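Colleague: I am new to this structure. Please pick one part, look at it closely, and then lead me outward from there.

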Amino acid sequence: MAFTYKNMIRFTGVSLAFALASGTALADSTVSLRILETTDIHTHLVNYDYYRDGESDTVGLAKVATLLKTARGEAENVVFIDNGDLIQGNPLGDYMAKERGLKKGEIHPVFKAMNLLDYDAANIGNHEFNYGLEFLDNSIAGANFPYVSANVFVDDGDGNAENDKPYFDPYVILDREFTDKDGNVHKAKVGVIGFVPPQIMQWDKANLEGQVISRDIVEMAEKYVPEMREKGADIVIAVPHSGLSTMARTGMEENATYYLSKVDGIDAILFGHAHTVFPSDAFSDLEGVDLAKGTINGVAAVMPGFWGSHLGVIDLTLNVSDSGEWSVVDSLSEARAIYQREGRTVTPLVEADPEIVAAVKQEHEATIAYMREGVGTTSAPINSFFALVADDPSIQIVTNAQKWYLEKILNGSEYDGIPILSAGAPFKAGGRGGPDYFTDIPEGKIALKNVADLYIYPNTVRAVLLDGDQVREWLEMSAGQFNQIDPNSSEEQMLINPDFPTYNFDVIDGVTYQIDVTKPARYNKAGEVVNPESHRIINLQFEGEAVTEDQQFIVATNNYRAGGGGNFPALDGSTIIVEAPDENRTVLANYILTEKAIDPKADGNWTFAPIGEASKVTFVTSPKASGAANAPANISFVGEDADGFAKYVLQSK
């Protein structure tokens with residue numbers, strides 16, 4: 001056996017106190033480090049659904065806090081990090097930003113809660129920019145932990161990237177002490193670097209243009225990770241607010257985590273943004289992914305869902321050499337859930353932490369009162385149960401309001417007389433949100449909580465000027481919502497493509513059209529033409545006549561879509577003619593206030609083209625759908641699936 005200082009201590013029985021006080025390194029030590037992550041909390045601090053106006057077992061930082069205390073108690077050495085999308089996402093966030101406001105020096109309720117949990121660091125998410133830089137700066141000033149983001153820079157306007165200054169600290173190096181398996185203490189420097197999707201410049205152009213610019217995630221990692229190592233970082237944790245995709249890299253990717261895993265010097269990745277869980281079967285087909293260990297190209301990684309559904313846990317086994325070099329020798333990742341779902345039954349796995357609930361009690365109760373304020377009445381229920389298979393009242397009321405608003409703005413302008421169309425999408429249509437994630441407003445009073453339920457994002461109104469072909473291509477992109485159906489098959493075929501976000505299924509009111517799902521999708525979800533000969537949109541008409549290329553249309557939409565969000569053709573910001581200051585949901589609330597009583601019936605401007613002899617084309621929706629008055633005539637109930645959704649068959653016409 002080699003005679004080392006560690007052996008000498010064991011042989012002589014000398015106390016470790018002298019060795020630790022002198023800072024002498026111990027040879028070949030093993031340190032277990034637990035890294036914990038929250039992400040995409042979206043202001044879900046309390047286990048409460050402000051739209052349903054009741055408690056929820058599926059959301060809440062207060063629930064995660066209970067998991068956190070357990071996870072911390074299981075480990076000697078812990079680092080805890082948040083990955084952004086904190087201050088926007090539910091009515092509490094909107095109440096703080098739009099109704100109550102946040103003065104400089106005040107503590108946002110997000111940080112009243114988070115400061116109790118001893119976070120070590122946090123990253124900026126794309127939704128942090130939704131309320132503007134001033135509100136963001138005032139908010140994060142209340143955090144008792146450092147913020148990082150490596151790919152957002154001050155826009156100095158000189159066009160020289162070499163002298164650009166980061167808007168946030170690109171990274172932080174934390175001085176920590178970790179205890180090894182023998183009880184010896186080692187000093188360590190933990191580097192934490194964060195990233196945000198560079199698309200913030202499109203999604204929040206009005207808030208950011210002329211103030212900041214964004215850069216490519218991977219390029220900034222390649223720039224800063226070596227710098228972190230040079231400054232002594234023993235362990236580097238990358239925190240990209242970015243999803244996981246293996247599409248060919250072209251630069252400025254929104255979902256760059258896969259490529260980030262190939263950057264030298266990164267020991268662990270805490271990612272988010274995509275509102276999914278990693279490791280999970282959703283990523284079983286990706287090359288380089290080990291679901292059993294939770295690694296991407298050999299790098300430990302975790303993504304803990306959204307709205308406080310999970311706590312991310314990475315356990316690293318680290319070797320500390322006698323020269324003080326740290327290295328990862330093993331890892332295991334998991335995402336711990338706050339609830340379990342079996343069919344329609346949701347079983348809570350933890351209780352809410354009362355300390356977190358108490359910390360935000362005032363703002364929470366004020367939000368509830370605010371959301372209960374009435375704006376009008378509806379003569380029929382409004383729901384999104386069938387928004388993906390038929391024209392839908394929850395979209396119709398939004399598109400009606402947007403058109404009403406634009407007509408007033410454009411009256412007497414140079415655009416007066418050009419037909420106004422209006423685009424809307426189902427924001428709550430099940431999917432990853434589960435069988436309860438649908439809009440469901442009863443007949444009668446409409447309150448602000450219902451308006452926010454119909455339009456859950458703080459988008460602002462935009463109008464784009466397009467020709468007839470551009471309108472058609474917009475709808476072709478939207479039609480990627482559906483799988484291709486074999487019209488001659490009697491086997492079960494799923495109609496809805498689960499990988500296509502429902503908020504990208506735009507319905508354009510003001511024209512009529514059919515969607516032929518027996519043809520392949522013309523576009524993939526990245527906006528690339530993959531089947532150039534295919535056209536799913538047929539019989540596109542305006543006022544009973546076929547839409548032609550030389551026709552002009554103004555389409556009401558939102559800043560996200562008009563600025564390039566979703567990668568829709570012809571929507572890159574260049575076709576915008578109106579940049580309104582008003583939020584789409586404010587417009588919706590004002591429309592209802594003006595009308596006082598509304599009839600939300602959809603006008604049926606789109607349908608599916610016949611699907612031949614396909615007899616088992618299925619889709620899933622809310623279990624509450626069976627009693628809905630707006631149920632299409634050409635569907636029939638099959639049963640309940642394992643996830644608690646109601647399954648229906650779409651019958652051919």
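Modeller: What follows starts with one residue and its strand, then moves on to other parts.

First, the ground rules. This is a predicted model, in which local features need pLDDT of at least 70, side-chain atom pairs count only at pLDDT 80 or more, and totals for chains, interfaces and linings use all residues. Residues are numbered from 1 along each chain as its sequence is written, and side-chain values use heavy atoms, with hydrogens and water left out.

Start at Asn-123. This residue sits in strand β5, which covers residues 121-123. Helices (H or I, at least four residues) and strands (E, at least two) are DSSP runs, numbered from the N terminus. Asn-123 has a relative accessible area of 0%, so it counts as buried. Buried means under 20% relative accessible area, exposed means over 50%, and partly exposed lies in between, using a 1.4 Å probe and protein chains only.

What surrounds Asn-123? Leaving out residues up to four places away in sequence, its contacts include Asp-82, Asn-83, Gly-84, Tyr-147, Phe-195 and His-241. Contact means heavy atoms within 4.5 Å. One of these neighbours does more: the side chains of Asn-123 and Asn-83 share a polar contact of 2.9 Å. A polar contact is a pair of N or O atoms within 3.5 Å; within protein, one must be able to donate a hydrogen and the other to accept it, and residues adjacent in sequence count only if both atoms are side-chain atoms.

Now step from β5 to its partner. Strands β4 and β5 run parallel and are joined by two bridges. Two strands pair if DSSP finds at least two bridges between them. Here Ile-81 stands opposite Ala-121 of β5. Ile-81 also faces another strand: Glu-37 stands opposite Ile-81 in β4. Strand β1 (residues 29-38) pairs with β4 in the parallel sense, over five bridges. Strand β4 itself spans residues 78-82 and is mostly covered, with four of its five residues buried.

Just before β5 comes a charged residue. Asp-120 forms a salt bridge with Arg-176, with the closest N and O atoms 2.7 Å apart. This pair links distant parts of the chain: Arg-176 is in strand β8 (residues 171-179), Asp-120 is in the loop between α5 (109-114) and β5, and 56 residues separate them. A salt bridge is a side-chain nitrogen of Lys or Arg within 4 Å of a carboxyl oxygen of Asp or Glu. The two ends are covered to unlike degrees. Asp-120 is buried, with a relative accessible area of 12%. Arg-176 counts as partly exposed at 26%.

The structure holds 29 salt bridges. Some are joined up: Arg-34, Glu-74, Asp-315, Glu-334 and Arg-336 are linked in a network. Another salt bridge brings together the side chains of Glu-473 and Arg-522, at 2.8 Å from N to O. Glu-473 belongs to helix α15 (residues 468-478), while Arg-522 is in the loop between β29 (512-515) and β30 (537-542), 49 residues apart. Both Glu-473 and Arg-522 are buried. Lys-519 and Asp-516 also form a salt bridge, with their closest N and O atoms 4.0 Å apart.

Next, a loop. Asp-486 lies between α15 and β27. At 37% relative accessible area, Asp-486 is partly exposed. Its side chain reaches the backbone nitrogen of Asn-488 at 2.9 Å. Asp-486 and Glu-613 are 127 residues apart in sequence, yet their C-alpha atoms are 8.6 Å apart in space.

β27 leads to a sheet. Four strands form an open sheet with mixed pairing, in the order β27-β36-β38-β37. The edge strands are β27 (493-494) and β37 (635-640); each has a single partner strand, so one side of each is left without a neighbour in the sheet. Inside the sheet, β36 (residues 617-621) and β38 (residues 646-650) run antiparallel, joined by five bridges. Leu-650 in β38 is the bridge partner of Val-617.

Last, two helices. The axes of α4 (residues 91-100) and α12 (residues 361-371) come within 9 Å and cross at roughly 85 degrees. That makes α4 roughly perpendicular to α12. Among the residues making this contact are Tyr-95 and Met-96 of α4, and His-364 and Tyr-370 of α12. Axes are lines fitted to C-alpha atoms, for helices over the stretch in contact, and angles run from 0 to 180 degrees between N-to-C directions. Angles under 35 degrees count as roughly parallel, over 145 as roughly antiparallel, 65 to 115 as roughly perpendicular and the rest as oblique.
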